[in-house]
Amino acid sequence: MAVYTQVSDDSLQEFLSRYALGTALSFKGIAEGIQNSNYYLETTEGRFILTLFEKYVSEDELPFFIGLKQYLAKTGFPCPEPIIANDGNAIQTLEGRKAVIISFLEGLSPKRPTVAQCKNLGAGLARMHLAAKDFPGKRVDALGPQSWIELWANHANEADAIQPGLTALMQQDIDELSKADLLSLPLPEGTIHADLFPDNAFFIGEEFTGMIDFYFACTGQLAYDLAICINAWAFEDDPLRNGDGLQYNFSKGAALIKGYQSVRPLEPAEHEALPLLARGAAIRFFLTRLIDWSATPEGALVMPHNPLDYAGRLAFHRKVTSAEGYGA
């Protein structure tokens with residue numbers, strides 16, 4: 001579940017009094033997500049999402065995240081728009097947590113994305129990159145390449161407990177990506193989403209209708225954002241291995257890249273760097289899932305993602321020598 005902080009009726013009523021949103025008609029927790037407490041809120045003035053920020057999001061960084069969504073919404077990009085309270089601020093306090101109300105987006109997150117959805121998602125990602133081109137905010141990616149060696153050093157001994165031999169394979173990946181020095185690559189940079197998994201994108205049918213959950217957004221290499229999406233959207237369970245493995249869906253990966261390039265063509269250097277970036281993105285999510293996996297107590301209500309999902313992706317990336325291997 002993703003409701004860590006309970007909101008009482010009295011607290012909700014007082015909170016809504018700070019806005020010109022009328023009175024509450026419906027209020028219920030949202031199960032999706034693992035970072036913050038999210039509620040569906042319907043009032044006499046419309047439908048909204050209420051988010052209470054838990055320990056995973058730094059209060060100091062909230063102005064960046066909220067400012068980014070305000071900026072994108074003003075450009076016409078489909079993302080939730082923070083609602084301004086009567087005091088002129090979007091960020092408020094509720095039940096001892098920083099909180100915001102954002103506009104409601106129509107659409108559904110795909111459980112198993114289609115090729116067409118992958119293509120339209122790629123175009124949507126490129127649109128976001130262009131819409132945020134002049135966004136003045138800056139934020140360092142705390143989970144970027146500069147953090148991987150330390151994260152791995154603190155948890156390397158836990159990998160073999162999940163799968164024998166995994167520690168050596170991961171050490172090889174860490175060493176090779178460290179040598180490649182991704183941050184030094186001369187690639188176009190800007191504001192990236194950095195966590196655009198299927199549950200953070202909305203569709204009506206095949207049409208992309210919006211993007212949510214910008215709380216990992218940061219300043220980074222645009223092609224790295226595309227590489228994250230390749231990992232998140234183009235891999236699926238291999239039916240020939242009875243669920244014990246992943247396969248790369250070339251059609252979905254190619255459609256995703258094609259959709260992106262239909263809006264923002266990759267530069268030659270980005271095209272060349274795509275295999276390294278895809279491998280790096282897989283390392284980033286393997287590491288954070290490994291940490292969550294080892295830190296979550298048995299019987300916890302919030303189940304962490306299995307890091308082996310990304311060990312499988314890394315096994316594929318090790319064999320890819322050019323962007324054509326992903327369909328680019």
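Trainee: Which exposed residues lie on the face of α1 turned away from its buried side?

Mentor: Asp10 and Gln13. Exposed means over 50% relative accessible area, buried under 20%, partly exposed in between (1.4 Å probe, protein chains only). A caution on the source: this is a predicted model, where local features need pLDDT of at least 70, side-chain atom pairs count only at pLDDT 80 or more, and totals for chains, interfaces and linings use all residues. Residues are numbered from 1 along each chain as its sequence is written, and side-chain values use heavy atoms, without hydrogens and water.

Trainee: Which residues of α1 are buried, and what makes them one side of the helix?

Mentor: In α1 (residues 9-16; helices are DSSP runs of H or I, at least four residues, and strands of E, at least two, numbered from the N terminus), Leu12, Phe15 and Leu16 are buried. They cover an arc of only 95 degrees around the axis, taken from the directions to the C-beta atoms, so they share the same side of α1.

Trainee: What do the buried residues of α1 pack against?

Mentor: Five strands: β1 (24-29), β2 (37-43), β3 (46-52), β4 (92-94) and β5 (97-103). Contact here means heavy atoms within 4.5 Å.

Trainee: How do you know what span helix α3 should have?

Mentor: Take 1.5 Å times one less than the number of residues. α3 (residues 115-131) has 17 residues, so 24 Å is expected. Its end C-alpha atoms are 24 Å apart, which agrees.

Trainee: Which elements help to cover the buried residues of α3?

Mentor: Among them are α2 (62-75), β6 (189-192), β7 (201-204), α7 (222-233) and α8 (250-263). The buried residues of α3 include Cys118, Leu121, Met128 and His129.

Trainee: Why is Cys118 called buried, and why is it not bonded to Cys229?

Mentor: Its relative accessible area is 0%, so Cys118 counts as buried. Its sulfur is 9.5 Å from that of Cys229, the closest cysteine sulfur. A disulfide needs sulfur atoms within 2.5 Å, so that is too far for a bond. The structure holds zero disulfides. For Cys79, the nearest cysteine sulfur, also that of Cys229, is 16 Å away. Cys79 is buried too, with a relative accessible area of 5%.

Trainee: What makes a set of residues a nonpolar core?

Mentor: Its members are buried Ala, Val, Leu, Ile, Met, Phe, Trp, Tyr and Cys residues, joined through side-chain atoms within 4.5 Å. The largest core here has 80 residues; Leu72, Leu121, Trp152, Trp233 and Phe286 touch the most other members. Helix α9 (residues 268-295) gives the largest share, eleven residues. A second, separate core of 16 residues includes Leu12, Ala85, Leu94 and Ala99.
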